[in-house]
Amino acid sequence: MRKLRSEIKHNFLKQIIFRLDYEGLMEADVEKCILSLRQKFYDAGFEKMDNRTENQFDVQIKMDLNIPDENQFSINSNNKSIVYSFSSEKKEILEISKSFFTLTVDIDQKYETFDKYLSLLAESIETIKSTSPYFQVLRIGLRKINICLLDDLARLSNYFTRAAFNIDDVIKQFEDCDCVASNMVTVLSKNNYQINYVRNIQEGVMQQDDGTQKTMYQVVVDIDVFKEGNREILSLLCDEQMIKDTLETQNTIEFGVFIKSLSDELIEALKQDTFQDTAIKGVI
């Protein structure tokens, strides 16, 4: 799998989201993390720093049928949290608060690899984890959103497997109708990780260079690999090397699901020095 990943020279990956959710930290703990990590963030290219205040509401639903509709919801508390944000010119954003740590990467040019973030993420997580003896991790997830465009839905099977999109069967079954959208969600499990495997097709209109409009189909392959629960995760975060291994495992699982979504024809095309298929848009 690693060899195949190194052979892929093109992609249609549009966004990466890594997120660690936890509890047991106070605002003072977050400030300690920032003091320890901000120079490392800056050296890694995250040269802009900002912060904002987020409101977290604890909403309770009242099940008493005698309560009027307008009073069925109550807010028990409004928990304000400061979120520190560090961003780069490459549309990379790191965010830290007392309840989460995230990396978001928006990709509009050639993507290197998720490996480039492993050391920084591992060191950051180790720092956050060590800040408070009450630290408990709730969820760790790696999500990648892949988006391309097709001008002919009948060509979908040229690029994707039937396991990913069985749209041909739908079109044949309902041949008296036009297919304008399709949403498929599959929940998988591998190596004690859960996988939300989401595939979407949406018809839309694209403005051409000559001013005319053309019907296009946006195809999304959205894969989220995650694990929940302090007991399940904490042992995987015992030191920086273990954290790196955990992130690599998530990334490998994600790539395995993604590559099984693609046809052999598309995989071979993505290996070439130049991607020449003009029937599919958004490949970089």
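Start with the empty space inside this predicted model: a search of the whole structure turns up one cavity of 30 Å³ or more. About 30 Å³ of space lies in this largest cavity.

**Stop 1: the cavity lining.** Select L156, S157, R162, F165, N166, I167 and D168, which line the largest cavity. How is this lining made up by class? Three of the lining residues are nonpolar, two are polar and two are charged.

**Stop 2: the whole chain.** Now zoom out and switch to a cartoon view. The chain has seven helices and 10 strands. Along the principal axes, its C-alpha atoms fill a box of roughly 60 × 60 × 45 Å. Of the 284 residues, 41% count as buried. If you colour a contact map, look away from the diagonal: among contacts with a separation of 6 or more, 73% are between residues 24 or more positions apart. Turn on the surface next, and you are looking at about 15800 Å² of accessible area, with 47% of that belonging to carbon and sulfur atoms.

**Stop 3: the largest nonpolar core.** Hide the surface and select F18, L20, L94, I96, F101, F114 and L121. These are the residues with the most contacts inside the largest nonpolar core, which has 37 residues. Which elements give two or more residues to this core? They are the strands β1 (13-23), β3 (73-87), β4 (92-96), β5 (100-106) and β6 (136-150), together with the helices α2 (27-43), α3 (118-131) and α6 (240-259). Highlight α3 in its own colour, since the largest share of the core, six residues, comes from α3. As background, nonpolar side chains tend to be buried together in soluble globular proteins.

**Stop 4: L20 and its neighbours.** Centre on L20 and show what it touches. Leaving out residues up to four places away in sequence, L20 is in contact with S99, F100, F101, I125, V137, R139, I140 and L237.

**Stop 5: a second core.** Apart from the largest core lies another, of 35 residues. To find this other core, select L153, A164, I195 and I201, which are among its members.

**Stop 6: L13.** Finish in strand β1, where L13 has its place. Is L13 buried or exposed? L13 counts as buried because its relative accessibility is 4%, and the cut-off for buried is under 20%. Beyond residues up to four places away in sequence, L13 touches I107, Y111, K144, I145 and N146. For a last distance, pick the C-alpha atoms of L13 and V180: the two residues are 167 apart in sequence and 23 Å apart in space.

Key
Residues are numbered from 1 along each chain as its sequence is written. This is a predicted model: local features need pLDDT of at least 70, side-chain atom pairs count only at pLDDT 80 or more; totals for chains, interfaces and linings use all residues. Side-chain values use heavy atoms; hydrogens and water are left out. On a 1 Å grid over the protein atoms alone, a cavity is a set of points where a 1.4 Å probe fits but cannot get out, and a pocket is an open set with protein on both sides within 12 Å along at least five of seven lines; lining residues have an atom within 4 Å of a point. Grid points are joined across faces, edges and corners, and a volume is the space filled by probe spheres set on the points. Ala, Val, Leu, Ile, Met, Phe, Trp, Tyr, Cys and Pro count as nonpolar, Asp, Glu, Lys and Arg as charged, and the others, Gly among them, as polar. A nonpolar core is a set of buried Ala, Val, Leu, Ile, Met, Phe, Trp, Tyr and Cys residues joined through side-chain atoms within 4.5 Å. Buried means under 20% relative accessible area, exposed over 50%, partly exposed in between (1.4 Å probe, protein chains only). Helices (H or I, at least four residues) and strands (E, at least two) are DSSP runs, numbered from the N terminus. Contact means heavy atoms within 4.5 Å. Accessible areas come from the Shrake-Rupley method with a 1.4 Å probe; for residues, only the protein chains shown count as cover.
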